[in-house]
Structures are given as C-alpha cells and as structure tokens.
Amino acid sequence: MIYDELKNIKTYKGINKNLDKAIDFIVEKKYLNANFGKNIIDDDKIYFDYPEKVSTRENIDLELEYHKKYIDIHIILEEEEVIGYTPFEDCVETQKYNIEKDIAFMKGKNQAEFILNGKNFLIVFPNEPHLPLLSVGKVKEIKKVVFKIKM
C-alpha cells in the first residue's frame with residue numbers, strides 16, 4: 001500500500017508501466033471532468049470508476065476485499081472516507097476469488113486505517129485486503145474515483 005498526498009503521486013512512477021500512465025492521468029487532473037460510471041483510459045489495462053451515488057458506512061460486520069489482477073488507486077473528490085487494512089495472513093476468506101470480477105472477500109480486524117479527504121490517495125496492490133467506504137463520524141454520501149490498473 002502507498003498512502004500519500006496527491007501532490008507527491010509522481011514519486012511512485014517506475015513501479016509498473018500501467019501505473020505510470022495512470023499517475024500521469026491523475027497529475028493532469030483529467031478525472032475531474034469524468035462522466036459517472038466506468039471511464040476507460042487504456043482498454044482493460046487502465047480505467048476508473050466514478051459512481052454517481054456512493055455512501056460511507058459503519059464498520060459493523062463488514063468484509064474486506066482483495067484483488068489479484070488490478071492495483072486500486074482511491075481518490076476522494078468530496079467529503080471523506082476511511083479505508084481499513086488487514087494483512088492477508090490475519091484474514092479468513094469468506095468468498096472465493098471471482099476471476100471475472102477480480103475480487104474476493106475476507107473477514108479480519110482492521111489493523112490500520114487511512115483517511116482520504118481529497119488531498120491524498122491510497123494505492124492498494126493485489127493481495128492487500130482493504131475495507132473501503134468506512135465513515136468518518138457519521139455516514140454520508142461522498143464522491144470518489146477508483147482507478148483500476150492491470151499488473
């Protein structure tokens with residue numbers, strides 16, 4: 001995982017060529033004028049989701065998710081959210097990996113929490129269980145984008 005301020009995102013170029021392309025797109029702020037839904041940048045290699053309505057939630061019996069093929073970059077546009085993290089070895093899988101959706105679900109206790117507020121970002125690599133959309137204080141509607149970058 002990488003948690004940092006958006007102004008520093010260029011620092012993380014060089015890890016993966018698709019990630020580099022996504023970082024350039026973010027630096028140019030092209031995602032700020034996106035349409036709701038799936039926005040394709042480079043076929044199935046790089047895209048981002050911009051849900052029209054999404055709300056935070058309380059962490060009551062929620063499951064973490066992980067991916068195997070894609071890196072996530074979470075960026076908040078309005079309001080704030082918490083994303084929880086638990087190491088893979090401290091989780092128990094509850095739903096087996098779905099190849100088509102590139103997702104599996106696990107139970108585990110958050111061992112770290114990252115607050116996203118529009119000034120920062122979180123990069124989540126494959127096999128890093130994370131729990132997005134947790135509320136900061138009370139549950140509220142937020143605006144966010146999630147980039148998906150093929151490894």
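Me: Why is Lys107 called partly exposed?
Reply: Its relative accessible area is 26%. Buried means under 20%, exposed over 50%, and partly exposed is in between (1.4 Å probe, protein chains only), so Lys107 at 26% lands in the partly exposed class. This is a predicted model, where local features need pLDDT of at least 70, side-chain atom pairs count only at pLDDT 80 or more, and totals for chains, interfaces and linings use all residues. Residues are numbered from 1 along each chain as its sequence is written, and side-chain values use heavy atoms, with hydrogens and water left out.

Me: What makes Lys107 and Asp61 a salt bridge?
Reply: The term asks for a side-chain nitrogen of Lys or Arg within 4 Å of a carboxyl oxygen of Asp or Glu. Here N to O is 2.6 Å, so the pair qualifies.

Me: And what makes Asp61 exposed?
Reply: Asp61 has a relative accessible area of 65%, and the cut-off for exposed is over 50%, so the label fits.

Me: How do you know that Asp24 and Lys13 form a salt bridge?
Reply: Their side chains meet at 2.8 Å, N to O, so they pass the 4 Å limit. Asp24 sits in helix H1, while Lys13 is in the loop between strand E1 (2-5) and H1, eleven residues apart. Helices (H or I, at least four residues) and strands (E, at least two) are DSSP runs, numbered from the N terminus.

Me: Why is Lys7 called exposed but Glu5 partly exposed?
Reply: Lys7 has 66%, so it clears the 50% mark. Glu5 has 38%, so it falls between 20% and 50%.
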